[in-house]
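Reader: I should like to learn how the packing of two helices is read from a model. Please begin with the general idea and then turn to the case at hand.

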Amino acid sequence: MDATKRRLVQAAIAWPAVLALPACRQEGAGPAEIAGTFFSPDEYRFVEAAAARLIPGEDNDPGALEAGVPLFIDLQLAGPYGRADRWYMEGPWADGTAQQGYQLRQTPAQLYRIAIAGIDGHCRHHFDGKAFAQLPIEDQDQILRDLEAGQIELQEIPAQAFFAVLWQNTQEGFLSDPMYGGNRGFAGWNLIGFPGPRYNYVEEITQYGKPYPLPPVGILGRDGTRLLAGA
C-alpha cells in the first residue's frame, strides 16, 4: 500500500494497544527461549515483504519490518492463535458478512499457508517466475491492492479475507507488547504516543495538557527485546 498507510495506523486502531496479557514477570528475569516457529523460509520472506509495504519504515522512522512484525506473526501462528484453539471451528460453512468476523473453515495458520502459496504462484505466473518478495515495491503494492479488492483468485479462500487477516495481524504486531516479538524498540507505541502499562501514573494524573515525560515501558520493563515463552 502507499506510504500514507503508515500514518493511518493511528486512526485505524479502535482497540487498546496492549493485548490480553498473562501475569507480569520480575524485571530481573532473564530472556526466555523462543518456541519453534511456523513459516518456511519462503513464507517468511513473503510476510517480511508484505508487512514492509503495509506499514513502511526506515531505520530512523521504523515500520512493520523494523519493528519485528514478521516475527510476531510467525510466533502467533505457531501457537494457539494459529490453531484457532479457542475458536468455534465447526460447520455449517456459509458465506458471512464483514460484521460477523472470521467465517472461514481454515485456521489462521492454514489460511496463511494456502494464501501465500497462491499469491506466490500468481506472481510467478505474471512476473516471469518471480515470487512476491522478489518483485519491485510498485508491483508488490499493486498485488496488495488487488488482494484487498478481491481481484486475485486464491484456491479455497477469498483473497479479501486473507488480506484482512494479514492487515489485522500486522497492526497487532506493530502495537502489541514487545514481549510478543513485535513493536521492537517500542516503535508502534512511540508512533501513537502510548507510554505503556506503567504501574503508577498518580503523579501525572493532574498534569493536564503537559506531555508525558517518561519513555514507553512494556510488561517486561524497558527491555523490549525479550520474549515471553509460549506467547
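Author: A crossing is called left-handed if the near helix is turned anticlockwise from the far one by less than a right angle, and right-handed if clockwise. In this predicted model, helix 5 passes helix 7 in a left-handed crossing.

Reader: At what angle do the axes of helix 5 and helix 7 cross?

Author: The axes of helix 5 (residues 108-126) and helix 7 (residues 159-175) cross at roughly 110° and come within 11 Å. Angles of 65 to 115 degrees count as roughly perpendicular, so helix 5 is roughly perpendicular to helix 7.

Reader: Which residues of helix 5 and helix 7 meet?

Author: Helix 5 brings Leu111, Tyr112, Ala115, Ile116 and Ile119, which meet Phe162, Val165, Leu166 and Asn169 of helix 7. By class, the residues of this contact are 8 nonpolar, 1 polar and no charged.

Reader: What does Phe162 touch, leaving aside residues up to four places away in sequence?

Author: Phe162 touches Phe46, Leu111, Tyr112, Ala115, Ile116, Ile119 and Ile157.

Reader: How should one read a nonpolar core, and which residues of the largest one touch the most other members?

Author: In soluble globular proteins, nonpolar side chains tend to be buried together. Here the largest nonpolar core has 47 residues, and Tyr112, Ile119, Phe132, Leu147 and Phe162 touch the most other members. Among the helices that each supply at least two residues are helix 2 (41-54) and helix 6 (137-149). Helix 7 gives the most to this core, with 8 residues.

Reader: Is Gln134 buried or exposed?

Author: Gln134, in the loop between helix 5 and helix 6, counts as exposed because its relative accessibility is 52%, and exposed means over 50%.

Note on methods:
Residues are numbered from 1 along each chain as its sequence is written. This is a predicted model: local features need pLDDT of at least 70, side-chain atom pairs count only at pLDDT 80 or more; totals for chains, interfaces and linings use all residues. Side-chain values use heavy atoms; hydrogens and water are left out. Axes are lines fitted to C-alpha atoms, for helices over the stretch in contact, and angles run from 0 to 180 degrees between N-to-C directions. Helices (H or I, at least four residues) and strands (E, at least two) are DSSP runs, numbered from the N terminus. Angles under 35 degrees count as roughly parallel, over 145 as roughly antiparallel, 65 to 115 as roughly perpendicular and the rest as oblique. Contact means heavy atoms within 4.5 Å. Ala, Val, Leu, Ile, Met, Phe, Trp, Tyr, Cys and Pro count as nonpolar, Asp, Glu, Lys and Arg as charged, and the others, Gly among them, as polar. A nonpolar core is a set of buried Ala, Val, Leu, Ile, Met, Phe, Trp, Tyr and Cys residues joined through side-chain atoms within 4.5 Å. Buried means under 20% relative accessible area, exposed over 50%, partly exposed in between (1.4 Å probe, protein chains only).
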